[in-house]
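Could you walk me through this protein fold, one piece at a time? Here are the sequence and the structure to look at together.

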Amino acid sequence: MLTQIINGKIFTPQGWMDEGSVLIRDNKILEVTNCDLALIGAHQIDAKGMYIVPGYICTHAHGGGGHDFTECTEEAFRTAIRAHQRHGATSIFPTISSSPATEIRRAAAICEKLMEEKDSPVLGLHVEGPYLNPKRAGEQFPGKLKNPDKEEYTALVEETHCIKRWDASPELPGALEFARYLKSKGILAAVSHTEAEYEGIKAAFEAGFTHTAHFYNAMPGFHKCREYKYEGTVESVYLTDGMTIELIADGIHLPSTILRLAYKLKGVEHTCLVTDALAYAAAEGVEINDSNIVIEDGVCKTADHSSLAGSIATMDVLVRTMVKAGVPLIDAVRMVSETPARIMGVADRKGALQKDMDADVLILDRDLNVRAVWAMGHLVEETNTLF
């Protein structure tokens, strides 16, 4: 079937197109044209002057819709993925946090099953930990953290084909060898939950750690030790040309000033936005079953209010937050589409509205709310509020 989306402000790799249409046939974009005349035989969609943008790419989310990917069930995966899809995430890399190898294998088996389905939104598995510095992650994953285990990670990578990203603390023994191995397999290695300073980040980047997870969170910035001052992970990453970053742009984990600073210093080409969402994202009516967590002000907090416990954001929230922080909409959209596609190695088919790309298309109203979603050319029905 041929679908023609007209009468919208279209985001293209060359910038905004004020008039024109997006043509979709099956699961591909047939053409993006400046002509919006009705085509014979096409199912025409009137965007009513709204924004037409590429589908968002969710590279770091632990769950949603009341389910966590660490549940390692098909129901949990499908429910969480669908919850994020309704908010614009047409592609997703489910994230499984620090878990034993048996659970990673179970998650990988489900992920691979979903990836094999026709027009699947699942592009691969993101593993965060368990090779994390306990000084920066211990309370989150009690008893689950360890140093990189070569026999373990090589077996997991060799036995599966869905792991596309793996996060670790580069200062741990064996972490640089781990990064070199991942790089040799085409898997993105990301710095996470770390205390590494400049020399450590420099060595990590050279070994293959080219990305930094939830930048600013779970890592030190500029600090003082007795009478001397030291750069932290944050400044070290800024100084490392070529290293990409991700921001939890929910408006809570980082203030607008820091969001603007990261955008200004790293640039849109090296910055993507992530939810780092927990199961409670897009989970209206779902009760919290953890007495140690409360949800307030649009974020998960520890019950004693001593710290944040996680995000409940969806991808549309990230775009709205960046725009409110003063970032141009065109760049906010790039940071959830074009940039993550390039970081994750799928820019040949994802992240842009242009001929022969996958038909992942969103319509946003002027308040940047998602009004319609096409994922691989299929309309996600529960998102449609237009027609």
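What follows is a guided tour of a few strands, helices and single residues. Keep in mind throughout that this is a predicted model.

Let's begin with a sheet. Four strands make up an open sheet, and if you walk across it you meet them in the order S5-S4-S1-S6, with mixed pairing. At the edges stand strand S5 (28–33) and strand S6 (43–46); each has a single partner strand, so one side of each is left without a neighbour in the sheet. From one strand to the next, the twist averages 20°.

Now look inside that sheet, at strand S4 (residues 21–25). S4 and S5 run antiparallel and are joined by 5 bridges. You can pick out individual pairs here: Leu23 has Glu31 of S5 as its bridge partner, and Ile24 is partnered by Ile29 of S5. S4 and S5 form a hairpin with 2 residues between the strands, and in this hairpin Asp26 takes a positive phi near 55°. S4 also pairs with strand S1 (residues 2–6), again in the antiparallel sense and over 5 bridges. There, the bridge partner of Leu2 is Arg25 in S4. How much of S4 is buried? Of its 5 residues, 4 are buried, so S4 is largely enclosed by the rest of the structure.

Next, pause at a single residue, Thr12, which is found in strand S2 (residues 9–12). Is Thr12 buried or exposed? Its relative accessible area is 7%, and because buried means under 20%, Thr12 counts as buried. The side chain of Thr12 reaches the backbone oxygen of Gly15 at 2.7 Å. If you leave aside its neighbours within four places in sequence, Thr12 is in contact with Met17, Val32 and Leu353.

Let's turn to the helices and start with helix H1 (74–85). A little arithmetic helps here: at 1.5 Å a residue, the 12 residues of H1 should span 16 Å, and the end C-alpha atoms are 16 Å apart, which agrees. The buried residues of H1 are Ala76, Phe77, Ala80, Ile81, Ala83, His84 and Gln85. What covers them? The cover includes strand S8 (56–61), strand S9 (63–64), strand S10 (67–68), S11, H2 and strand S24 (370–375).

Helix H2 (residues 101–115) can be checked with the ruler in the same spirit: its 15 residues should span 21 Å at 1.5 Å a residue, and its end C-alpha atoms are 20 Å apart, which agrees. Among the buried residues of H2 are Ala101, Ile104, Ile110, Cys111 and Leu114. The buried residues of H2 pack against H1, strand S11 (89–96), strand S12 (125–128), helix H4 (150–159) and strand S13 (163–168).

From here, move on to His193, in the loop between strand S14 (188–191) and helix H6 (198–207). Although His193 lies in a loop, it is buried, with a relative accessible area of 4%. Which groups does its side chain meet? A polar atom of the His193 side chain lies 3.1 Å from the backbone oxygen of Arg136, and the side chain of His193 also makes a polar contact with the side chain of His214 (3.4 Å).

Another pair of strands is worth a visit. Strand S18 (residues 244–248) and strand S19 (residues 271–274) pair in the parallel sense over 4 bridges. Within this pair, Ile245 stands opposite Thr271 in S19. In a regular strand the side chains alternate between the two faces of the sheet. For S19, both faces are covered: Thr271 and Leu273 are buried on one side, and Cys272 and Val274 are buried on the other.

Finally, consider the cysteines. A disulfide is a covalent bond between the sulfur atoms of two cysteines. How many disulfides are there in this model? The count comes to 0. Cys58, for example, is in no disulfide, and the nearest cysteine sulfur, that of Cys272, is 10 Å away. Cys58 is buried, at 1% relative accessibility, whereas Cys225 is partly exposed, at 43%.

Definitions and conventions
Residues are numbered from 1 along each chain as its sequence is written. This is a predicted model: local features need pLDDT of at least 70, side-chain atom pairs count only at pLDDT 80 or more; totals for chains, interfaces and linings use all residues. Side-chain values use heavy atoms; hydrogens and water are left out. Two strands pair if DSSP finds at least two bridges between them. Axes are lines fitted to C-alpha atoms, for helices over the stretch in contact, and angles run from 0 to 180 degrees between N-to-C directions. The expected span of a helix is 1.5 Å times one less than its number of residues. Buried means under 20% relative accessible area, exposed over 50%, partly exposed in between (1.4 Å probe, protein chains only). Contact means heavy atoms within 4.5 Å. A polar contact is a pair of N or O atoms within 3.5 Å; within protein, one must be able to donate a hydrogen and the other to accept it, and residues adjacent in sequence count only if both atoms are side-chain atoms. A disulfide is a pair of cysteine sulfur atoms within 2.5 Å.
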